[in-house]
Amino acid sequence: MSKEKESCKKNCDCKEKEVQKEESNDKSTKELENVKSELSKTKEMFLRTAAEYDNFRKRSEKEKESIYSDALCFTIMNILPLADSIDAAVKSAKNFGEEYKKGIELLKEQLNKSFENLNVESFGNIGEDFDPNIHNAISHKENDGEKQNFISEVFQKGYKINQKVIRHAMVEVTN
């Protein structure tokens, strides 16, 4: 009997050990699943953070360009009255001496060169087609000719930087 008890006891011990191994395996599997889940969450958080940083970098770059563009437009808008005055001086320089006229024209050339370096373009010349997106018609003139909706007189030139209108041209339109 004692051998039977021992054998039974050994079998029970073996079964207990197997149950313990299974419980241990279940715990290890659960821990592994938890670690995988945490790793997945961490990886997702990392990817989101990387994407947010990339978006932030792109947005900052656009804002920087926008600030430069806005500052340039603001500066040019404040210089435009000077350009208008120089244009008026060139027109009235006919009544003055040759050296005065030459000096005013030199100023105009320097200003135009500076505008060219900054990609500032003037528009609104006599004979151009009228475009309500860039021209401001302040008067109309009737014409029986073939050509219609063209600029017949310019009261104030318009200016733009890279297709962005800084100031609309004030013109007379012939219909």
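The legends below walk through several close-up views of this predicted protein model.

Residues are numbered from 1 along each chain as its sequence is written, and side-chain values use heavy atoms, with hydrogens and water left out. In this predicted model, local features need pLDDT of at least 70 and side-chain atom pairs count only at pLDDT 80 or more, while totals for chains, interfaces and linings use all residues.

**View 1. The whole chain contains two helices and six strands.**
Here, helices (H or I, at least four residues) and strands (E, at least two) are DSSP runs, numbered from the N terminus. If you follow the sequence, you meet the pattern α-α-β-β-β-β-β-β. Of the 175 residues in the protein, 18% are buried; buried means under 20% relative accessible area, exposed over 50%, and partly exposed in between (1.4 Å probe, protein chains only). The protein exposes about 14,000 Å², and carbon and sulfur atoms supply 53% of that area. Such areas come from the Shrake-Rupley method with a 1.4 Å probe; for residues, only the protein chains shown count as cover. Contacts, meaning heavy atoms within 4.5 Å, also tell us about the chain: among those between residues at least 6 apart in sequence, 64% join residues at least 24 apart.

**View 2. The largest nonpolar core has 15 residues.**
A nonpolar core is a set of buried Ala, Val, Leu, Ile, Met, Phe, Trp, Tyr and Cys residues joined through side-chain atoms within 4.5 Å. The residues touching the most other members are Ile 76, Leu 80, Phe 115, Val 120, Tyr 159, Ile 161 and Ile 166. Two or more residues each come from α1 (2-92), α2 (98-117) and β4 (158-161), and α1 gives the most, with eight residues. For a view centred on one member, pick Ile 166: leaving aside residues up to four places away in sequence, Ile 166 touches Cys 73, Ile 76, Met 77, Leu 80, Tyr 159, Lys 160 and Ile 161. A second, separate core has six residues, including Phe 123, Ile 134, Ile 151 and Ala 169. As background, nonpolar side chains in soluble globular proteins tend to be buried together.

**View 3. Phe 115 and Tyr 159 form an aromatic pair.**
Rings of Phe, Tyr and Trp (its six-membered ring) pair if their centres lie within 6.5 Å; planes under 30 degrees apart count as stacked, over 60 as edge-to-face and the rest as tilted. By this rule there are two aromatic pairs. In the pair shown, the ring centres are 5.6 Å apart and the planes stand at 65°, so the pair is edge-to-face. It links distant parts of the chain, with Phe 115 in helix α2 and Tyr 159 in strand β4, 44 residues apart. Phe 115 has 5% relative accessibility and so counts as buried; Tyr 159, at 3%, counts as buried too.

**View 4. An open sheet of three strands runs in the order β2-β6-β3.**
Two strands pair if DSSP finds at least two bridges between them, and the pairing in this sheet is mixed. At the edges stand β2 (135-141) and β3 (150-156), each with a single partner strand, so one side of each is left without a neighbour in the sheet. Six bridges join β2 to β6, which run parallel, and Asn 136 stands opposite Met 170 in β6. Five bridges join β3 to β6 (residues 169-174), and these two run antiparallel. Glu 153 stands opposite Glu 172 in β6. Strand β6 is mostly covered, with five of its six residues buried.

**View 5. Another open sheet of three strands has the order β1-β4-β5.**
This time the pairing is antiparallel. The edge strands, β1 (120-123) and β5 (164-167), each pair on one side only. Three bridges join β4 to β5, and Lys 160 stands opposite Val 165 in β5.

**View 6. Two asparagines, Asn 119 and Asn 162, have positive phi values.**
Asn 119 lies in the loop between α2 and β1, with phi near 65°. Its relative accessibility is 43%, so Asn 119 counts as partly exposed. Asn 162 is found in the loop between β4 and β5, and its phi is near 45°. At 56% relative accessibility, Asn 162 counts as exposed.
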